[in-house]
Amino acid sequence: MFTKEQLKRQITNMGIKSCDTVLIHTSYKSVGEVEGGIDGFIDAFKEYLCDGLFIIPTHTWDNVTKESPVFDVKTTIPCIGAVPAVAAFRKDGIRSLHPTHSVWAVGRGAEEFVKGEEFAETPAPVGGCWSRLADLGAKILLIGVGNNRN
């Protein structure tokens with residue numbers, strides 16, 4: 001079982017700084033057991049990035065469809081894995097209002113980062129969360145998934 005402190009050491013060893021902007025795509029199963037479960041996993045990143053911005057995709061493109069067109073930030077479950085399904089409903093961060101490609105963010109500038117997503121007309125519009133990653137020089141960490149998930 002990994003402890004949060006072990007995970008934080010691994011994050012350090014990857015060259016990530018506590019002030020970085022980091023988005024993770026992850027397969028929790030590939031990580032193995034973590035102290036505190038998925039919340040413990042998220043907490044390790046949140047605590048490590050104490051001076052930065054931590055982002056987890058909480059996409060709902062498979063759940064918000066023509067047949068079921070309503071996105072409710074408080075109840076619509078992400079369709080992309082266990083970590084997003086937990087992160088989306090945590091109260092210590094903020095979830096963007098993009099109906100199909102939302103993200104959950106916590107840390108420096110989180111509210112500004114997700115601002116305006118409810119007006120997006122495409123999954124990744126210029127000026128939206130996904131292009132802001134480039135503007136901020138964000139690091140994208142793939143954990144147990146390939147670049148096809150990026």
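Here are legends for four close-up views of this predicted model.

**View 1. The largest nonpolar core and the elements that build it.** Welcome to the inside of the model: this core has 23 residues, and those touching the most other members are Ile24, Phe41, Ile42, Phe45, Phe54 and Ile56. Two or more residues each come from helix 1 (4-13), strand 1 (21-26), helix 2 (28-31), helix 3 (37-48), strand 2 (53-57), helix 4 (82-87), strand 4 (103-107) and strand 5 (139-143). Helix 3 gives the largest share, with 6 residues.

**View 2. Phe54 and its contacts, with another core to look for.** Setting aside neighbours within four places in sequence, you can find Phe54 in contact with Val22, Ile24, Ile42, Phe45, Lys46, Leu49, Trp104, Ala105 and Val106. Another core, of 11 residues, lies apart from the largest one, and its members include Val103, Ala105, Trp130 and Leu133.

**View 3. The largest pocket, with about 390 Å³ of space.** Of its 18 lining residues, His25, Thr26, Ile80, Val145 and Arg149 are the closest to the centre. At least two lining residues come from each of strand 1, helix 2, strand 2 and helix 4, and strand 1 supplies the largest share, 3 residues. By type, the lining holds 9 nonpolar, 7 polar and 2 charged residues.

**View 4. The second largest pocket, with about 160 Å³ of space.** To trace its lining, look for Val73, Lys74, Ala88, Phe89, Arg90, Lys91, Gly93, Ile94, Arg95 and Trp104. Here the residues divide into 5 nonpolar, 1 polar and 4 charged.

Technical notes. Residues are numbered from 1 along each chain as its sequence is written. This is a predicted model: local features need pLDDT of at least 70, side-chain atom pairs count only at pLDDT 80 or more; totals for chains, interfaces and linings use all residues. Side-chain values use heavy atoms; hydrogens and water are left out. A nonpolar core is a set of buried Ala, Val, Leu, Ile, Met, Phe, Trp, Tyr and Cys residues joined through side-chain atoms within 4.5 Å. Buried means under 20% relative accessible area, exposed over 50%, partly exposed in between (1.4 Å probe, protein chains only). Helices (H or I, at least four residues) and strands (E, at least two) are DSSP runs, numbered from the N terminus. Contact means heavy atoms within 4.5 Å. On a 1 Å grid over the protein atoms alone, a cavity is a set of points where a 1.4 Å probe fits but cannot get out, and a pocket is an open set with protein on both sides within 12 Å along at least five of seven lines; lining residues have an atom within 4 Å of a point. Grid points are joined across faces, edges and corners, and a volume is the space filled by probe spheres set on the points. Ala, Val, Leu, Ile, Met, Phe, Trp, Tyr, Cys and Pro count as nonpolar, Asp, Glu, Lys and Arg as charged, and the others, Gly among them, as polar.
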